[in-house]
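Reader: I have a two-chain model open and would like to go through it with you. Could we start with a single residue and then work outwards?
Author: Gladly; here it is.

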Amino acid sequence: MYGKKASELVKEIASSEKGQLTPFSSDLFDEVIEECKQHYHELECLIRRMEDQGLNVETAKNEDHYGALIHHLSLVRNKRCLMAYLYNRAEILRTLMWKVGSVIPEEIKEKLSYSEKEYITKHSSSLKKYMSSVELDLEVDMVPPKDPYIKVRVLDDLGGDILLSDDKKANFTRHSMHFLKRTDAEQLISQGKMEELKD
Amino acid sequence: MDSRDGDGSTEDYETLIQTTDVELLKRAWRQEKAAPEILKFETDLITRLTGQIELVEENVEQDSQSGIDPLTVSLYQMDLDRTQFLLRSYLRIRLQKIEKYIFHILATAELYNRLSKQEKEFAKSCLVDLEKHLEESVLSKLPNNYQSIFKQSMISEENDMVAKPQLDTFVVCKTNDYLGHIQLEDNEDGSSDDRANQRPLEEPFEMETDVLYFVRYKAIKGFVEEGRIDLF
């Protein structure tokens, strides 16, 4: 059936959990593109036959005209599905980049096509360029700050050499808990060396 | 950032608070968050605010070194943090809208002109990146007449491949002054001046001040752009 494969692509996006990526279905994707070429070939054949019969392609409404129309519509539908597939995946990727920063984890990279990998690299450099043009890092401060101080637990042995902004040093042994300035802790948290304790 | 020597002795205090740049930013942020399409960039406001943020940053820095009560300093710090969050979040929401509706924004001059200078740059490079991705993966492999990124095929008369924001979505809003005769029905398509043929309209919608309404964005779009209606 025409358009069946393309609809499977779209279904894949629609049925996957929101914000989750599935591995790029390159086989199915290529088959749909192949189908498009086939449609175009048939379309051209029909048009040529009409021309050979001396009919005006624009106005003649014989069976070949409607045949050609079906091929045209199937092709356009396939194109829409292919584009929707890419477009939605690109959107999921961008949302992900807002969450985890520009470094996409390996296990997700494996699910991407070559062109998608290229895209996110370029896109993240576009973002970086914007951030430096406004002199603001937009990847921090993702949630509204409630308190200048937060409770943290140290996950890694950091020793006592870390200087805090009030010129004091704290002893950050592993599993110890501290009450720190959010600005002091934020960087250590995003590096995974501390975690915030929420009540 | 409230100015440090603002005196709160008069009854004007409320209005004064309402018009500080931080309040204005909060409002702009809320509007941007709630509106389905991108709104005009608050160029002046953002310029003023970045200046003020730098100033307060310096003050906090100085105060914390000069032995002023740490509690006072931390209050300023908290104020600063909150403002910076608002600013960052405001810019982020806008970028996300640009990313999402990039083709639509760049094809519509009215929307494109709402962007800041830096956002325009970003939009352009964003477009190039996405275009290249789509070209390489699909468009270049399709037959000649079907390669357009904006149109489904050569015979499409308008751009029918472009994702647009849904303007008929519902928003929660409130008005500052009484607004009468808001047309809720969509009479854009069809002959709007041919009254006889129109199906009976709902009563023209009126908005009282300080009452929350839940209406389609499209109907109040104009008022939002003029700043007469607040979104929530």
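Reader: Where does Gly180(B) lie in chain B?
Author: In this predicted model, Gly180(B) belongs to strand E2 of chain B, which covers residues 179-182.

Reader: And is Gly180(B) buried, exposed or partly exposed?
Author: Gly180(B) is partly exposed, because its relative accessible area is 26%, and the partly exposed class takes in what falls between the 20% limit for buried and the 50% limit for exposed.

Reader: Which residues is Gly180(B) in contact with, leaving aside neighbours within four places in sequence?
Author: With those neighbours set aside, Gly180(B) is in contact with Phe205(B) and Glu206(B).

Reader: How far apart are Gly180(B) and Gln52(B), in sequence and in space?
Author: Between Gly180(B) and Gln52(B) there are 39 Å in space, taken from C-alpha to C-alpha, and the two are 128 residues apart in sequence.

Reader: Switching to the helices, where is Glu119(B) found, and why does Glu119(B) count as buried?
Author: Glu119(B) sits in helix H7 of chain B, residues 117-137, and it counts as buried because its relative accessible area is 0%, whereas the limit for that class is under 20%.

Reader: What is Glu119(B) in contact with, beyond its neighbours within four places in sequence?
Author: Within chain B, Glu119(B) is in contact with Phe41(B), Arg94(B), Leu95(B) and Ile98(B), and from chain A with Tyr130(A).

Reader: Then what about Gln84(B), is that one buried or exposed?
Author: Gln84(B), which has its place in helix H4 (residues 70-100) of chain B, counts as buried, because its relative accessibility is 14%. Apart from neighbours within four places in sequence, Gln84(B) is in contact with Ile53(B) and Glu57(B), and also with Asp141(A) from the other chain.

Reader: Both lists cross over to chain A, so how many residues of each chain are in contact?
Author: On the chain A side there are 45 residues in contact with 44 residues of chain B. The area buried between chain A and chain B is about 4300 Å², and carbon and sulfur atoms give 65% of that area.

Reader: Which three residues supply more of the area that chain A buries than any other three?
Author: Those are Lys79(A), Tyr87(A) and Tyr130(A), which supply 16% of the area that chain A buries against chain B. Tyr130(A) is also the chain A residue that appeared among the contacts of Glu119(B).

Reader: Now the overall form of chain A: what radius of gyration does chain A have, set against a compact globule?
Author: Chain A has a radius of gyration of 28 Å, while a compact globule of 199 residues would have one near 16 Å. The C-alpha trace of chain A spans about 90 × 35 × 25 Å along its principal axes, and buried residues make up 41% of the chain.

Reader: What secondary structure do the two chains have?
Author: Chain A comes to six helices and five strands, in the order α-α-α-α-α-β-β-β-β-α-β from the N terminus on. Chain B has eight helices and five strands, and along its sequence the pattern reads α-α-α-α-α-α-α-β-β-β-β-α-β.

Reader: Which parts carry UniProt annotations?
Author: From unreviewed entries, UniProt gives "domain: GINS subunit" for residues 63-134 of chain A and for residues 70-136 of chain B. The chain A span is 88% helix and 0% strand, with its end C-alpha atoms 61 Å apart, and the chain B span is 91% helix and 0% strand, with its end C-alpha atoms 58 Å apart. UniProt also places a "coiled-coil region" at residues 33-63 of chain A, again from an unreviewed entry; that span is 68% helix and 0% strand, and its end C-alpha atoms lie 26 Å apart.

Reader: Last one: where in chain A is confidence lowest, and where highest?
Author: Confidence is lowest in strand E2 of chain A (residues 159-163), at a mean of 71, and highest in helix H5 of chain A (residues 114-134), at 92. Chain A as a whole averages a pLDDT of 85, and 97% of the residues score at least 70.

Definitions and conventions. Residues numbered from 1 in each chain as written. Chains lettered and ligands numbered in written order. Predicted model: local features only at pLDDT ≥ 70, side-chain atom pairs only at ≥ 80, totals over all residues. Heavy atoms only, no water. UniProt positions renumbered as here; feature names shortened; annotations may be inferred. Helix = DSSP H or I, 4+ residues; strand = E, 2+ residues; numbered from the N terminus. pLDDT = per-residue confidence, 0-100. Rg over C-alpha atoms; globule rule 2.2 N^0.38 Å. Buried < 20%, exposed > 50% of the residue type's maximum accessible area, 1.4 Å probe, protein only. Contact = heavy atoms within 4.5 Å. Buried area = accessible area lost by both parts, 1.4 Å probe.
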